[in-house]
Amino acid sequence: MDDLPVKTEHVTVGGAWLLVLSSVFLCNLLKILLPSCSSVISRLLQKDAEQEFQMRSEIQNMKQELSTISMMDEFARYARLERKINKMTDKLKTHVKTRTAQLAKIKWVINIVFYILQAALMISLIWKYYSEPVTVLPDKWLAPLERLVAFPTGVAGGVGITCWLVVCNKVVAIMLHPFS
């Protein structure tokens with residue numbers, strides 16, 4: 001009874017491969033949708049854009065009025081209106097620069113938060129499935145690379161979480177490339 005060899009069989013985590021694949025798919029899909037978040041942000045800052053539009057229309061109206069004034073006959077009025085146009089134009093430029101910088105900062109923060117959350121998700125998946133293979137394939141399928149593919153589990157024929165993440169990322173990126 002003691003002389004019988006003990007055969008240990010590694011049980012694969014049932015839905016781990018699907019969980020990892022769907023997580024990677026979702027992350028890549030969100031990465032594609034990140035730029036459209038800027039349009040949502042732009043709508044939130046629409047009040048500033050409306051103010052800029054009003055400033056532009058005022059400048060246009062003043063320029064039209066300026067074109068009707070004779071510089072020789074009404075120099076003081078012409079100069080006052082020209083200074084007013086320049087002042088409004090400078091104010092508009094400052095306003096646009098501020099809004100553009102604010103949008104860039106918000107986009108940057110959204111991207112950083114997304115990548116931090118994505119990294120946390122991937123690290124938690126690696127942590128959870130570190131010692132168990134995501135799936136087990138016949139040994140001959142992975143012949144020269146079986147140790148690399150099985151990392152970190154060390155199970156012969158097993159597909160480790162790190163390899164599965166790399167493969168899933170590449171496949172999903174190729175699939176979603178036409179949509180990006």
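Is E65 buried, partly exposed or exposed? Hold that thought; the answer turns up in Exercise 3. One thing before starting: this is a predicted model.

**Exercise 1. Get the layout**

Task: Work out how many helices and strands the protein has, and in what order they come.

Solution:
- Start with the tally: there are five helices and two strands.
- Next, walk along the sequence, and the pattern reads α-α-α-β-α-β-α.
- Check how the chain packs: of the contacts with a separation of 6 or more, 67% join residues 24 or more positions apart.
- Finish with burial and surface. Of the 180 residues, 28% are buried. The protein exposes about 13,200 Å², and carbon and sulfur atoms supply 64% of that.

**Exercise 2. Untangle the salt bridges around E52**

Task: Find the salt-bridge partners of E52 and say how each pair sits in the fold.

Solution:
- The structure holds four salt bridges. As a reminder, side chains of opposite charge can pair when their charged atoms come close.
- Take R56 to begin with. Its side chain meets that of E52 at 3.9 Å, N to O, which makes the cut-off worth recalling: a salt bridge needs the nitrogen within 4 Å of the carboxyl oxygen.
- Now look at the spacing. E52 and R56 are both in helix α2 (residues 46-68) and four residues apart, so about one helical turn separates them. That fits the general rule: an α-helix has 3.6 residues a turn, so residues three or four places apart point the same way.
- Then compare the surroundings. E52 is buried, at 2% relative accessibility, while R56 is partly exposed at 42%.
- Move on to R99. The side chains of E52 and R99 meet in a salt bridge at 2.7 Å, N to O. Since E52 lies in helix α2 and R99 in helix α3 (residues 75-128), this pair ties together parts that are 47 residues apart in sequence. Both E52 and R99 are buried.
- Put the pieces together: E52, R56 and R99 are linked in a network of salt bridges.

**Exercise 3. One more link between α2 and α3**

Task: Work out which residue R77 pairs with, and settle the opening question about E65.

Solution:
- R77 forms a salt bridge with E65, with the closest N and O atoms 3.4 Å apart.
- Place the two: R77 is in helix α3 and E65 in helix α2, so the pair ties together parts that are twelve residues apart in sequence.
- Check accessibility. R77 comes out at 36%, so it counts as partly exposed.
- And here's the answer for E65: partly exposed, with a relative accessible area of 35%.

**Exercise 4. Follow α1 and α5**

Task: Find where the nonpolar surface patch comes from, then look at what A16 and α5 are doing.

Solution:
- List the members: F25, L26, L29, L30, L33, V167, V171 and M175 form a nonpolar patch on the surface, with about 650 Å² of accessible area together.
- Trace them to helices. α1 (16-44) and α5 (161-176) each supply at least two residues, and α1 gives the most, with five.
- Pick an example: F25 is in helix α1 and counts as partly exposed, at 33% relative accessibility. That clears the patch's entry bar of over 30%.
- Contrast that with A16, also found in helix α1, which is buried with a relative accessible area of 0%. Beyond its neighbours within four places in sequence, A16 is in contact with Y129 and V134.
- Jump across to α5: A16 and W164 are 148 residues apart in sequence, yet their C-alpha atoms are 9.9 Å apart in space.
- W164 is one of the buried residues of α5, alongside I161, C163, L165, C168, V172 and L176.
- Last, the helix length. α5 has 16 residues and reaches 22 Å from its first C-alpha to its last, close to the 22 Å expected.

**Exercise 5. Set the annotations against the model**

Task: Take the UniProt regions and see what the chain does over them.

Solution:
- The unreviewed UniProt entry gives "coiled-coil region" for residues 71-98. In the model this stretch is 86% helix and 0% strand, with end C-alpha atoms 35 Å apart.
- For "transmembrane region", UniProt lists residues 15-34, 108-130 and 150-176.
- Residues 108-130 are 91% helix and 0% strand, and the end C-alpha atoms are 32 Å apart.
- Residues 150-176 are 63% helix and 7% strand, with the end C-alpha atoms 27 Å apart.

Terms used
Residues are numbered from 1 along each chain as its sequence is written. This is a predicted model: local features need pLDDT of at least 70, side-chain atom pairs count only at pLDDT 80 or more; totals for chains, interfaces and linings use all residues. Side-chain values use heavy atoms; hydrogens and water are left out. Patches are made of residues with over 30% relative accessible area and no salt bridge: like charges are joined within 9 Å, nonpolar side chains (Val, Leu, Ile, Met, Phe, Trp, Tyr) within 5 Å. Accessible areas come from the Shrake-Rupley method with a 1.4 Å probe; for residues, only the protein chains shown count as cover. Buried means under 20% relative accessible area, exposed over 50%, partly exposed in between (1.4 Å probe, protein chains only). UniProt positions are given in the numbering used here, feature names are shortened, and annotations may be inferred rather than shown by experiment. Contact means heavy atoms within 4.5 Å. The expected span of a helix is 1.5 Å times one less than its number of residues.
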